[in-house]
Each structure stands twice: as C-alpha cells, then as structure tokens.
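Okay, thanks for coming, everyone. I'll put the structure up and then walk you through a few places I'd like us to look at together.

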Amino acid sequence: MKVDQLKHKALQEWIIKWKNHFEPSDVYVCDGSEQEHHRLAGELVKSGAFIKLNENKRPGSYWCASDPNDVARVEERTFICSKDPKDAGPTNHHKDPKIMHDGLNKISKGCMKGRTMYVVPFCMGPIDAPLAMIGVQLSDSPYVACNMRTMTRMGQQVLDKLGKDGEYIPCLHSVGVPLNEGDTDSYWPCSPEDVVVSHFPEEKLIFSYGSGYGGNALLGKKCLALRIASVKAKEEKWLAEHMLIIKLTSPEGESKFIAGSFPSACGKTNLAMLEPSLPGWKVECVGDDIAWMKVGKDGRLYAINPEAGFFGVAPGTSEKSNPNCMRAIEKNTIFTNVGLTEDGDVWWEGMTDIPPKMKMDWKRRPWDPSSKEKVAHPNSRFTAHATMCPILAKEFDEPEGVPIDAIIFGGRRKSLVPLVYESLSWEHGVFLGASLSSELTAAVKGTVGKLRHDPFSMIAFCGYNMGDYFSHWLDFAKFTDRSKLPKIFNVNWFRQDSAGKFMWPGFGENGRVLKWIFERCSDDAKAELTPIGNVPHMEDFDLQGLDISKGQMDELLKIDTEGWLKEMDELDSYFSMFKESMPQALLEELEAIRKRLKK
Ligand code: OXD
Ligand code: MN
C-alpha cells in the first residue's frame, strides 16, 4: 500500500515527515499478508541475507546471521529519556530528552538513503483486547518487517483498527547504514558504534538506531510492551511484566493460570511449554515472555500476552528440554545466528548430542569439526508464530485475558535459594519480586555467571524509577480486595551440589513444583513455615517415580540461616540505591525476615 492511501491523515503526515528526514529511496506500508511475507523473505534470499531452508526438512523457514557485533540487546546503550532523571531512576541509563532528540536527529538525517522504509503497523495484544496497544514502526530493515509479522498482530487489521484517528505509539528504527550510489550492502547492515535504543516516556515514543537485532530492533517487544507499557501501566493502574503465562490443568480437569517472572535465558520458554512428568497434569502456553495484567470486574488479576510469537533462545532447546517448542519451530520459522547443516537444516549446541554434518557456523564460516568455537551463537534465536505451538492454550486470543492464580519468581542461583517457597502476604510477595537476582547468561552483555540483581526480572525493561515501580506493585493491595490477588512464590531450578552438579532434574520434573503451587492455591497442600516463607511439607510434595533421596530433598529445601542473613545485608545495601523512592513496606519485610532468621 502507498502512504497516500492511508485513511489516518495524522499517521500519513508523520510518515511523510520522517521520510523527508530519513530520505529512503522508497516507502512501503506492510499489509501483513502471507504473500507479502514470502516476497520480503524472497528478496532477502536474493540478496543473500536469508538462506531458505530445505523445504522437506523445515518448510517455509529461513536461516540468517547477524553481524558478529550485533548479537544481543545492548543495555549500556538503552536509555530512558524522561525530563527529570529521577523518573528514570538509578537502574536505568538516563539522557535528557532534548539532548537525545538533537543527537538522534543529527545522526539519522539521510540514514535510510538507498533503502526502503517499511511502515509496520502492529498491535500488541489480541486486537480487541481492552489493554491492546497499537504501534507503528518505521524501519529500514526487511528482516525486522518479517520478524514483526511473526511476533505481533501486524498489517491491515491494525490499520483498520486505527481507523481515521486512532492512537498509536510512534516507533522509529534504522540500522544506520545509508547506501550511496555504488555502495554494496552487507548481509546484515548495522552500526554497532552508534547504537542507541531510546525511549521517551512522556511522549510515549521509541527511537532505536544502529542495531538490527532482537529487542533492539523488534520494537514491539521490550521497548513497547515493557518499557513504554510499564509507564502507561503505572499511569492507568495495571502491570506490564516480563512474565510467561501458563494454564495448568490437574488430572481432575481443574485449571489455574500462573504467571512467571524469570530473568532472560533462565528457561522461561521451556517452562511456558512444559510437559509435566506427573501423569495427568497438563501445561498449556498462553505466553513465554511478556504479560500485561489488570484487575478485572471480579477483582481478580487478568493477564494477556501482548505478543503473537516466540523469539526464543535456540541453544539448549531440544527434544529433551522442550519437545513442544521443537514442534513450534518445525516450519515457518526464522533462525538467526544458528548453524546451517549440509542438508539445509539448522543446528545448535544442545539440540542433539552429536552434531549432524554441518555446512557453516553462525559466522558463515565453513564448518571445521576440529574448531573449539560454537556452531551457534549462545544468544541465537528462532522466531516462530504462537499458533505453531502444539500446546497453545485456547485462551491465547481471549481479549479479557486469563485470571491469574499464582505468580512465580525465579532466578538462576547455584546456592542458598530453595527449590520453591511461598510468600506470606502480598507485601512479602512483592519483596520476593524486588529481591530477585540471577547469575548472568549470554542474553545480555556481561560476565557470564556473575550474580546480578534483577528485580521482577525487569531491571532492563522498567521504563521508570524502579522504586516507584515497587510501590505500584504494593498498591495492588489497595486497587482490589487483597484476598483476590494471586499467591506469590519463588522457585530455583538451578541449585548445585558441592561437586557443581544440578540437584534438581528440572524440565518435566518442574511440574511437581507447579503441582504443589496449584494445590497451595486451593489450600490442598501443606507447607512448613520457615523464616523466609512457606516451603513444601514433604507429605504433600509429589515425588512419585522420581529417583531422589530424602537427603537430597532436604538439601534442596534447606534454609541456611547464616547465608540468608548475609543475603539480607546484601539486599539492604542494594535497596539503599533507591533512596527515598524505596517503599518503607519492603524495608519492613526485610527487617521482619531478619528478625525471624535471628530467632
Ligand atoms: C528476551 C530477553 O529476549 O529477555 O526475551 O532477553
Ligand atoms: Mn525476555
């Protein structure tokens, strides 16, 4: 579609304004159709950026590789540009909005020369959901346009919903590599030295420059659905969270919905598509990364998944770790930074024990079996539509969302944190979210293995002052009857013994923990009170068929008083950075735990 055919005049004017600034050679409005997708993907194949996978192995799917300097979200170049730095808070990088606008305007003048500017209208959330939010992304990356079609509800349906004067979040994106006469393009144009991912919370505007990868470039995901949405959520009394949503059904056919907050690359997609080992228990997936939650008419918290697809980490995904995900990526999938096999399929570390015959690695180098380097980048990804997931819950498209019974927090912790425990109140539960920390993985730049505080796994995604965000969570006990709020739990699948071996088998066995949580929500399972919260009473924790000794279970649930006192001291000093925005109620929770530990 041409820009002058758009019914929305203000949108048309906005597009023309930026066209004049970016100076693309062409502008194309995406309709989101299948034909369009194949055409764009076909063009990417022609240019060599995409390689079409073997139709008999993985129909409708593509391999591509990014520039080796553009492989992950770049948090040190991600900015919250609020007028007052206090509103960005101590955990965000802040830039004055005027300075950021001036800098971006300067660097982006003419940045799309020689390229097509894609207009990508997208909707986060089921199109008729009261919480749904529309964004329009201008991007010079056809890779982004293809991925946005999978990750969001994109195209004509969104323009129809926008009508003549609907509201939308403006999202500007350029890879920052203008093409002048005679220039040859690279497979993955990007400008790593200049990367800036900026958010203007007061204007509700996103401007990302220099990167074409994942969260830096697919602006509906982390930028809109978390950073900008969290600001809107605070203003409008709802929650925009880095959480999966699952439907858990018991052998008796009763279902409960659980939201789970885990830092990046802690196995969220695996949990979202779990095959419980316990007979009769069933997990279905509503979402694997983001949840928007709002108090419903009945006073309960209802959640929607604003996304329409999965942008999951490939390495480690296998028939063993996530068979449902392996089904979800069998066709119509875009793979980025994985290995390409000789027979035109994909492979990554952990997919199978022995690699098949490979053609090339993620750096497009011919495969050298003697090389010590990985075939796939640790943060390589697949982009697949949610409807491909064989266990997608029927409520996935429900505009009002699903009622949440329990919220789980969990990080990667080698020691101290037990397999599962339950908070004693809403405030204590918010404290569990605020005190979440995890050992770093490859999803973000940093030293792998180092412990990092990641409150609510939102450290990189909260669009405003995290102290105010904690208060917003606490306020839900005022927004509704607290007895209707979900119960809050903490889990840790990653505890290791002294030999460095994981103590809990994980994967399908995590269903045992979910079962206990389910039964706690209906008061059907006993718990033991400890100073940090309720841990399972072994009588009511299902270990049937699992080869694990009582001693091992005791160790997995052990509360190390000294260790926890140290953890409280550490948290105390962490929380001090929030100064006056740190809610007193959470400091009181910390004191109460300390007191209980010292008893
Ligand atoms: C993601 C992340 O990509 O959290 O989902 O890093
Ligand atoms: Mn995530």
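**A walk through the model**

Let's start with Gln-137, which sits in strand β7, residues 133–139. One thing to keep in mind as we go: this is a predicted model.

So, is Gln-137 buried or exposed? With a relative accessible area of 0%, Gln-137 is buried. Its side chain has a polar atom 2.8 Å from the backbone oxygen of Ala-217. Leaving out residues up to four places away in sequence, Gln-137 touches a long list, including Tyr-118, Phe-122, Cys-171, His-173 and Gly-220. Val-144 and Met-148 are on that list too, and those two bring us to helix α5, where both are buried.

Helix α5 runs over residues 142–151, and eight of its ten residues are buried, so the rest of the structure largely encloses it. Besides the two I just named, the buried ones include Tyr-143, Ala-145, Cys-146 and Asn-147.

Okay, on to the metal. Which residues coordinate the manganese ion, ligand 2? We have Lys-222 through NZ, His-242 through NE2 and Asp-289 through OD, at 2.2 Å. Along the chain, the donors follow the spacing K-x19-H-x46-D. Lys-222 is in helix α8, residues 220–236, while His-242 is in the loop between β12 (239–241) and β13 (243–249), so this pair ties together parts that are 20 residues apart in sequence. Both are buried: Lys-222 at 6% relative accessibility, and His-242 with a relative accessible area of 1%.

Now swing over to ligand 1. Those three metal donors turn up again here, since Lys-222, His-242 and Asp-289 are among the residues surrounding ligand 1. The others around it are Arg-73, Lys-221, Ser-264, Arg-381 and Phe-461. By class, that shell has five charged residues, two polar and one nonpolar.

How about the polar distances? The side chain of Ser-264 has an N or O atom 2.6 Å from an oxygen atom of ligand 1. For the side chain of Arg-381, the corresponding distance to a ligand 1 oxygen is 2.9 Å, and for a polar side-chain atom of Asp-289 it's 3.2 Å. Taken alone, ligand 1 exposes 210 Å², and the protein buries 91% of that.

Back to the stretch between α8 and β12, because there's a tryptophan to look at: Trp-238 is in that loop, and it counts as buried, since its relative accessible area is 2%. Its side chain makes a polar contact with the side chain of Glu-236, at 2.9 Å. Beyond its sequence neighbours, Trp-238 touches residues including Leu-131, Met-133, Trp-292, His-472 and Phe-476. Trp-238 and Val-295 are 57 residues apart in sequence, yet their C-alphas are 7.2 Å apart in space.

Last stop, backbone angles. Most residues other than glycine have a negative phi. Which way does phi go for Asn-337, positive or negative? It's positive, about 70°, although Asn-337 isn't a glycine. Asn-337 lies in the loop between β19 (334–336) and β20 (339–341), and it is buried, with a relative accessible area of 0%.

Phe-456 is another non-glycine with a positive phi, about 55°. You'll find Phe-456 in the loop between β27 (451–453) and α12 (466–479), and it is buried, with a relative accessible area of 0%.

That's my tour. Happy to go back to any of these spots.

Key
Residues numbered from 1 in each chain as written. Chains lettered and ligands numbered in written order. Predicted model: local features only at pLDDT ≥ 70, side-chain atom pairs only at ≥ 80, totals over all residues. Heavy atoms only, no water. Donors = N, O, S within 2.8 Å, 3.2 Å for Na, K, Ca; no water. Helix = DSSP H or I, 4+ residues; strand = E, 2+ residues; numbered from the N terminus. Buried < 20%, exposed > 50% of the residue type's maximum accessible area, 1.4 Å probe, protein only. Near = heavy atom within 4 Å. Polar contact = N/O pair within 3.5 Å; in protein donor to acceptor, adjacent residues only side chain to side chain. Areas by Shrake-Rupley, 256 points an atom, 1.4 Å probe, with all protein chains shown as cover. Nonpolar A, V, L, I, M, F, W, Y, C, P; charged D, E, K, R; others polar. Contact = heavy atoms within 4.5 Å.
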